[in-house]
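Please look over the structure shown here before reading the briefing that follows. The points are grouped by topic, beginning with a short lead.

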Amino acid sequence: MGQPLNPIEETVLSEKLRLYAPPMLIPKLLPPKFCWYSGKTTKFKKYPSVRSSSKADCLQAAYQSKRSPEYKADYCNEGESEALPYVQTLREIPKEELAAKVVMVRFDGAILLKEEINRSSQSVSNAIFTIKYICEAGGKVILVSNWRKKFNSKLLDTESAADTLSSLLQHKVVVLQCISSTVPLKMEVLNKADIFLLENLSDFKEEVANCLNFAEVLSSGVDIFVNDSFSLSHKILASTVAVARFCSAHVVGFHSEESLDQLRKAADANRKPYIAIVGGGNLYDKAAALHFLASKCDGLVFIGMMSFQILHALGYSVPSSLIEPKAHKAAEDIIHFAHDRNIPILYPKDFWCVNDHRPNQMEVLPAHGIMHGWSPVDLGPRSLDEINSLLIKCKKIIWIGPLKFKLSSTCVDGVSKLAQILGELSKQTCDVTVVGNMACKAIMMESSSLLDCNMIESASVVWEFFKGRKLPGIMALDRAYPFEIDWSSVYNDPAQPLVVDIGSGNGLFLLGMARRRKDLNFLGLEINKKLVRRCLDSVHQSSIWNGHFISTNATTTFRSIVSSYPGELVLVSIQCPNPDFNNPEHRWRMLQRSLVEAVTDLLAQDGKVFLQSDVEEVAVRMKELFLKYGKGRFTLSGDRSNTKIDKEAWLKENPFRVRSDWEQHVLDRGAPMYRLMLSKSPNAE
């Protein structure tokens, strides 16, 4: 016996809509209804649950578009990396810590440099608040962005952009020419004002190339990097990705924070029924995202060009000019996937169409009967009425993608009517999320309840997120460790001194040390989750109560994890980080300034840092970073056993007499290891 019908299905089936049938069995002579394309009433398939909470949002649908044109839903396994990391926010930085700091804000030029700015927009107010918050705290703000004349015809040069921002912020913005200049930025220049604007990033090819050298110049003298350009989160740019390497802290601003919260809410199917209204085109490219929506929602409503791909896949006659190349198989797979989950697909019943030869002549035509020489420009009246009656029973709705077709007309009003419907629903008990510039503008024009709607203006970012892809601009930022660690449950005695191995690999070094030194606690930080699971199994099987492993990106989480430990941090080891010789700019990416500074701050007086690698230039680089960013607290030293140091200051032997698996492998083949020990002095030089 099938599952009980939900309210949506009861409403639709009461109108005697047909059940699922293969496309070739659909009677061609029957006019298509604006209806739910529903599967037979069968038991729901059990799919892996999606963790949707304030802590994590693991996307289920990972689409295999690169492997095969035959689309199949593919779910991410539990334990794989989340599409959204745990980023730190500007509001989490106490204002007193911003005082006298140089803060670079990567803002969205499409928001703050538009010719007509709606100050009541949440995006605009949040973006402005990010800049003013830093200024009020006493920080120096360096603004950086890209802009074109399509944003604002008055943006002739950097000076005109600075004038626009000055008027908007009610604060003088001074142009800072230091990107193209061969003269490095001098800090005394920053005493002349509080807010500065760098040159237009659109003028530099190094920006889109994510050039490290360019990013280093860009962030010269900067203490904190604030990414407040959410619309570029899905792109790899020097000003959003590479620049994070050269700042001691990197966070999101208020605009990006709000947008990320809305993104998480959109992926959370916490209220039922949850319906997705899908506009726009390019179904083939968005198939992975549609599978994700089908896995989360209780139904899909197609309203744009994609609706014709669904009609075509169902066997209806569709003009060839409306059919997308390669989309047929993808549409069929989405239909069958929805059928397997027993969720319906809704497609239009009628369209307003315009005569191609007489643009002023418009008629309402059935979806299956659009005649040659006519083009759809809007949803028909009966389609909108049925959407309205359908959505009334929903508890959650997302509208993503524009309601537009290949031709546009000022005579149609489907967008405004849909905006009115959603605006009214948002005033009641329905959770409405609107995605995309067109949809957001329509809601702002038609609805007086803006605060009741969740709005995300950048549809491109949301589509990428729904495809299961990581957002580079977000991944590059600091991650605050998401869980509180109960150290008393991890170690028998959490007050014992702590040893941390960064990049612990398969844990042989740390496990060997834990067996030898019961008076110390050992913590391995490793980004590879499979290795961490194996290490934890070994800990439990061996009943080791002074050893533990955490799966994390230590480069960005070291401070937040170790700072909560109740005992002293006495030793940090970094052994054989992987160099990438095919891409020199990415070498030693694990060890960055922020990590060195975190180790420096948390390490106990006279604490040690042990560094080793089988690649000499990697070892040299690690040593140089600690000496450069260690605040003058580190000196080269031997260990307490007086292990000999050769003329290059390399330790000839491992001072701990416990080897990692890679170290043993290197020594077995007769190759050298380059080791050194740094000691933290009590006072800064």
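How many disulfides does a search of the whole structure find? The search, carried out on what is a predicted model, finds zero disulfides. The points below take up two cysteines, then the packing of helix H7 with helix H14, and then the covering of helix H8.

**Cysteines**

- Cys353 has a relative accessibility of 0% and therefore counts as buried.
- Cys576, with a relative accessible area of 12%, is also buried, because the cut-off for that class is under 20%.

**Packing of H7 and H14**

- Helix H7, spanning residues 254–267, packs with helix H14, spanning residues 459–466, at an angle of about 45°, and their axes lie 11 Å apart.
- The two helices, H7 and H14, are therefore oblique to each other, and the crossing they make is right-handed.
- On the H7 side the contact involves Leu263, Ala266 and Ala267, which meet Val462, Phe465 and Phe466 of H14.
- Sorted by class, this contact of H7 with H14 comprises six nonpolar residues, with no polar and no charged ones.

**Covering of H8**

- Helix H8, formed by residues 287–296, is mostly covered, with 10 of its 10 residues buried.
- The buried residues of H8 include Leu290, Phe292 and Leu293, and among them are also His291, Ser295 and Lys296.
- The elements that cover these buried residues include the helices H7, H9 (306–313), H10 (327–340) and H14, together with strands S8 (274–278) and S9 (299–302).
- H7 and H14, which pack with each other, are thus both among the elements that cover the buried residues of H8.

Conventions
Residues are numbered from 1 along each chain as its sequence is written. This is a predicted model: local features need pLDDT of at least 70, side-chain atom pairs count only at pLDDT 80 or more; totals for chains, interfaces and linings use all residues. Side-chain values use heavy atoms; hydrogens and water are left out. Axes are lines fitted to C-alpha atoms, for helices over the stretch in contact, and angles run from 0 to 180 degrees between N-to-C directions. Helices (H or I, at least four residues) and strands (E, at least two) are DSSP runs, numbered from the N terminus. Angles under 35 degrees count as roughly parallel, over 145 as roughly antiparallel, 65 to 115 as roughly perpendicular and the rest as oblique. A crossing is left-handed if the near helix is turned anticlockwise from the far one by less than a right angle, and right-handed if clockwise. Contact means heavy atoms within 4.5 Å. Ala, Val, Leu, Ile, Met, Phe, Trp, Tyr, Cys and Pro count as nonpolar, Asp, Glu, Lys and Arg as charged, and the others, Gly among them, as polar. A disulfide is a pair of cysteine sulfur atoms within 2.5 Å. Buried means under 20% relative accessible area, exposed over 50%, partly exposed in between (1.4 Å probe, protein chains only).
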